[in-house]
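Biologist: I'm new to this one and would like a close look at a single part of it. Could you walk me through it slowly, and then show me a few other places along the way?

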Amino acid sequence: MERQRPKEQDMIERRKNFDAVEENLTPEQAKLEASRCLNCKNPRCVQGCPVNIQIPQFIQAIKEDNLDKAGEIIRQTSMLPSVCGRVCPQERQCEGKCVLGIKGEAVAIGALERYVGDNTRPEKAEITPSGKKVAVIGSGCAGITAAADLRKAGHEVVVFEALHKFGGVLRYGIPPFRLPRVVLDREIDSLKEMGVEFKKNVIVGKSITIKQLEEDGFDAIFICSGAGLPKMMNIPGENLNGVFSANEFLTRVNLMQANDENTPTPLKVGKKVAVIGGGNVAMDAARTAVRVGFEEVYIVYRRTEKELPARLEEIRHAKEEGVIFKFLHAPSEILDNEGYVAGMKFEIMELGEPDESGRCKPVGTGKFETLDVDSVIVALGTGPNPIIQKSSEADGINFETDRRGYFTVDEETRETSIPKIYAGGDVAPVGTSNAINAMGAGKKAAKAINEYLATK
């Protein structure tokens with residue numbers, strides 16, 4: 001049986017709006033897709049999931065027309081099925097391990113998870129108060145996951161968010177055509193119904209310090225404030241008007257509606273833009289640029305298409321929406337016209353021997369090419385903001401960090417060098433930075449915190 005695929009919005013029409021590109025599977029499709037699962041005795045798909053969702057079990061419940069049971073099974077380990085079903089890199093994780101994928105197409109685990117998440121609601125948990133209090137700094141994937149598990153254990157949980165809306169990178173980084181806001185709001189509301197308290201516009205390190213949180217009676221602290229400092233290219237012209245980091249560009253559009261001409265902080269939209277990078281953030285930035293009105297959108301990547309780290313689905317959608325890919329091009333200089341971007345110069349590359357990442361290293365050829373653009377979006381990743389570490393140092397709390405500024409933590413417990421303080425997500429990353437890995441870190445931290453508080 002062929003893999004079932006959800007209906008997609010017309011590729012021409014979706015260039016003009018921020019509505020979800022994909023619909024959900026229909027009930028008939030979900031049942032057919034579930035029937036493809038072999039229910040393996042040794043389910044490698046579970047091993048490929050960072051939070052170990054019992055995948056064959058929830059799929060079996062779909063086969064049995066018991067969606068509520070399927071939802072219960074997923075939510076035993078994940079409180080964000082509607083989110084993960086949309087944004088997780090299933091092809092590299094659970095679906096990448098599926099036996100059916102060896103000779104054909106893997107079971108559409110992500111689409112089935114999304115279907116269950118959208119059509120079920122979590123059961124109201126009976127919570128016995130523990131008398132303990134935990135602070136969670138950040139309301140992204142790691143924070144939401146940890147907050148749920150900590151609250152289930154009976155602790156009073158307060159989530160502190162620096163921005164004016166909750167969700168972290170899920171809200172400001174991922175566009176609504178990939179993750180509709182109604183979905184994200186619904187997942188956060190389920191935590192509020194459990195009794196998790198959310199506080200917005202609180203910058204830990206400025207509004208309040210770690211020491212003050214301890215003085216306020218928090219028995220443990222989980223830091224998952226994300227990595228918001230953009231990595232730039234360090235080439236001439238990078239400070240020109242018309243150059244954005246992907247972090248700024250996406251935040252201004254996703255969180256501040258800067259593409260609306262009536263907004264207090266409008267975005268200046270040019271005609272042609274080059275997006276530098278090849279990951280999911282680059283794809284999100286390019287596809288957002290299409291929707292805000294750039295006439296030509298380029299993704300410029302220094303390796304070939306084979307090495308692109310972005311999800312295959314994102315690459316396909318970008319191509320369908322008219323994004324132009326230029327491979328084996330490395331940024332050299334941004335050209336200046338009275339303080340504004342007037343074009344971009346690239347060195348033509350070729351692939352050499354594999355580097356430490358296992359991918360072939362791009363090598364310059366000494367040949368150059370100029371691209372006619374008036375805007376540049378840099379999507380080369382982000383680094384940690386040191387605000388928490390620096391403010392803590394003034395109070396005599398000295399966190400151990402690695403050479404890049406990330407918190408050093410115990411791999412299993414996520415505890416930092418300071419007892420009772422834990423860290424996860426993009427401030428202390430493990431493997432590839434994505435939603436499901438951050439959730440895995442949140443679960444580990446919550447488990448360790450629960451075990452620690454049980455001894456107090």
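Where is the place of leucine 328?

Modeller: Keep in mind that this is a predicted model. You'll find leucine 328 in the loop between strand S9, which covers 324-327, and strand S10, which covers 329-337. Look at its backbone: phi is positive there, about 55°, although leucine 328 is not a glycine. As for cover, leucine 328 has 24% relative accessibility, and because partly exposed lies between the 20% and 50% limits, that is the class leucine 328 falls into.

Now hop over to asparagine 39, which also deserves a look at its backbone. Asparagine 39 is a residue other than glycine with a positive phi, near 50°. This one sits in the loop between helix H1 (27-34) and helix H2 (44-47). With a relative accessibility of 39%, asparagine 39 counts as partly exposed.

From there, turn to the surface. Leu38, Val99 and Ile102 make up a nonpolar patch, and together they offer about 290 Å² of accessible area. Take isoleucine 102 from that trio: you can find it in the loop between helix H5 (81-87) and helix H6 (109-119). Isoleucine 102 counts as exposed because its relative accessibility is 61%, and the cut-off for that class is over 50%.

Helices H5 and H6 turn up again at the second largest pocket. That pocket holds about 620 Å³ of space. It has 23 lining residues, and the closest to its centre are Arg3, Arg5, Glu95, Arg311 and Glu313. If you want to know which elements give two or more residues to the lining, they are H5, H6 and helix H13 (312-320). Sort the lining of this pocket by character and you get 12 charged residues, 6 polar ones and 5 nonpolar ones.

One last stop is alanine 435, in helix H15, which spans residues 435-454. Alanine 435 has a relative accessible area of 11%, so it is buried. Try finding proline 89 from there: the two are 346 residues apart in sequence, yet their C-alpha atoms are 8.8 Å apart in space.

So, back to where you began: leucine 328 sits in a loop between two strands, S9 and S10, and its phi is positive.

Note on methods. Residues numbered from 1 in each chain as written. Predicted model: local features only at pLDDT ≥ 70, side-chain atom pairs only at ≥ 80, totals over all residues. Heavy atoms only, no water. Patch = residues over 30% accessible without salt bridge, like charges linked within 9 Å, V, L, I, M, F, W, Y side chains within 5 Å. Areas by Shrake-Rupley, 256 points an atom, 1.4 Å probe, with all protein chains shown as cover. Salt bridge = Lys/Arg side-chain N within 4 Å of Asp/Glu carboxyl O. Helix = DSSP H or I, 4+ residues; strand = E, 2+ residues; numbered from the N terminus. Buried < 20%, exposed > 50% of the residue type's maximum accessible area, 1.4 Å probe, protein only. 1 Å grid on protein atoms, 1.4 Å probe; cavity = no way out; pocket = protein on both sides within 12 Å on 5 of 7 lines; lining within 4 Å. Points joined across faces, edges and corners; volume = space filled by probe spheres on them. Nonpolar A, V, L, I, M, F, W, Y, C, P; charged D, E, K, R; others polar.
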